[in-house]
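Morning, everyone. I have a new structure to walk you through, so please bring it up on your screens.

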Amino acid sequence: MSQDRGRNYLFTSESVTEGHPDKICDQISDSILDAILEKEARLEREGYVSPTGVPASLKDVRVACETFATTGTIVVMGEVRTEAYVDVQNIARETLRRIGYDRAKYGFDCDTCGVINMIHDQSPDIAQGVDGTFSRADDPDEVDKIGAGDQGMMFGYATDETGVLMPTPIYLAHRLAQRLAFVRKNGSLSYLRPDGKTQVTVRYEDDRPVEVTAIVISTQHSDAVETGVIREDMIEYVIRPVLDEAGIPWEHATIYVNPTGRFVVGGPMGDTGLTGRKIIVDTYGGMGRHGGGAFSGKDPTKVDRSAAYAARWVAKNIVAAGLAHRCEIQLAYAIGVPEPLSIMVDTFGTGAVDDAVLDEAVPQVFDLRPGAIIRDLDLRRPIYAKTAAYGHFGREDPDFTWERTDRAESLRKAVVDLGHRL
């Protein structure tokens, strides 16, 4: 969608709950990543050296973990380099238990399902470009020794239409999905099951959100509850608390609850799941572009993840600085090369200065080499499992360092130093 058209339109975004099959897989992959990062850090502190003479080192960890889920079975695949052995089967089962799949009648049982581990070592051809052993071994700058873990382009987006600088449709869809899980887990609606989806349509006037026009909630449930009861409960326990708190009109919205009439079979029994299949849910709900790379299960040397976080950080600081009402950043990388190939700023005609000025100011304030991103956002920490459901952006959690607006004033100063008045 062209975001500079300045007219009235409807925009829709969706989210899914933590019990959705694809989100199960994302959470298992990121839980394995977290366990490896946590254990490798401990082994490094303890001075551990492997029997082959390799010392534990957090900066040398590489993880690309994929998970597949189907009826009664979890398969974990991927490439890993670490001195930290972790119990993949137990991590998968405990992740399922935390989500709520702990009984066969829910369609999946964490204690009896099969868990197959097919993880193997990372390719040395990939490793040499990321580790700096190719052409940069003598570089005195340690950050320059870390090349991008893959080629590609990444986007970041921010808009001032919500307090967390996220688009309204995806923000509301996430909050509804979170609320579904909350009322299930606290016992308010005990007939709910873990799988679910939400969708919100927002009407915009002159590119500003003015009301919610449609809400869709599909939630897995026991077979002992009537459809009418589910609808009434969704409005009272889920929709009303979220929309009223958001402060956006929704009284005239069309509401669909379980439109097929029944959603008893869900989770991996109802559909297969795979890591990385909800990339629009993970980012901006379609409002803003996406480079195509998924996040979960990838260590921060993979720019699919770390550079997308950095691009959000940059875009959010531009909006927080009052330099634009909305902003999109594109970054591009080549595998093994530390410097981004390109940096593009697009404010869709809402900028306080020309986009070309921001193109010049951004690299003065942000070091967007992968090693610098990892350093500045402190990404070698076990923080990723909680990113794997309800969005990687717009979360008010101190571990989400890419959500900070700590460089807004530096950006304003850089623009002024370039000779432009604000």
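One term before we start: contact here means heavy atoms within 4.5 Å. Keep that in mind when I say that residues meet. Also, this is a predicted model.

Start with the whole protein. There are 11 helices and 13 strands. The C-alpha trace spans about 70 × 60 × 30 Å along the principal axes. How does the radius of gyration sit against that of a compact globule? With 422 residues, a compact globule would come out near 22 Å, and the protein has 22 Å, so the two agree.

Now the first helix pair. Find helix 1, residues 21-45, and helix 2, residues 88-99. They pack at an angle of about 130°. Their axes are 9 Å apart. Helix 1 and helix 2 are therefore oblique to each other. Their crossing is right-handed.

Which residues of helix 1 and helix 2 meet? From helix 1 come Ile-24, Gln-27, Ile-28, Ser-31, Ile-32 and Ala-35. From helix 2 come Val-88, Ile-91, Ala-92, Thr-95, Leu-96, Arg-98 and Ile-99. By type, that contact has 9 nonpolar residues, 3 polar and 1 charged.

On to the sheets. One open sheet has 4 strands, in the order 1-8-9-10. The pairing in this sheet is mixed. Which strands sit at the edges? Strand 1, residues 9-16, and strand 10, residues 254-257. Each of those two pairs on one side only. From one strand to the next, the twist averages 15°.

Zoom in on one edge of that sheet. Strand 9, residues 208-221, runs parallel to strand 10. The two are joined by 4 bridges. To find your place, look at Ile-217, which stands opposite Val-257 in strand 10.

What lies across this part of the sheet? Helix 5, residues 227-246. Helix 5 covers strand 8, residues 192-205, along with strand 9 and strand 10, in the sense that it lies across them. Against strand 9, helix 5 runs at about 140°.

Helix 5 has a helix partner too. That is helix 4, residues 168-185. Helix 4 and helix 5 pack at an angle of about 140°, with axes 10 Å apart. That makes helix 4 oblique to helix 5. Roughly antiparallel would need an angle over 145 degrees. The crossing of helix 4 and helix 5 is right-handed.

Here is who meets whom. Helix 4 brings Leu-172, Arg-175, Leu-176, Arg-179, Leu-180 and Val-183. Helix 5 brings Met-234, Tyr-237, Val-238, Ile-239, Pro-241, Val-242, Leu-243 and Ala-246. How many of the residues in this contact are polar? There are no polar ones: the split is 12 nonpolar and 2 charged.

One more sheet, and then I'm done. This open sheet has 3 strands, in the order 7-12-13. The pairing is antiparallel. Its edges are strand 7, residues 152-159, and strand 13, residues 342-346, each pairing on one side only. Neighbouring strands here are turned by 15° against each other on average, ignoring direction.

Look at strand 12, residues 326-333, beside strand 13. They run antiparallel, and 5 bridges join them. Ile-329 is your landmark: its bridge partner in strand 13 is Val-345.

That's the tour. Over to you.

Technical notes:
Residues numbered from 1 in each chain as written. Predicted model: local features only at pLDDT ≥ 70, side-chain atom pairs only at ≥ 80, totals over all residues. Heavy atoms only, no water. Axes fitted to C-alpha atoms, helices over the stretch in contact; angles between N-to-C directions. Parallel < 35°, antiparallel > 145°, perpendicular 65-115°, else oblique. Left-handed = near helix turned anticlockwise from the far one by under 90°. Nonpolar A, V, L, I, M, F, W, Y, C, P; charged D, E, K, R; others polar. Pairing = 2+ DSSP bridges. Rg over C-alpha atoms; globule rule 2.2 N^0.38 Å.
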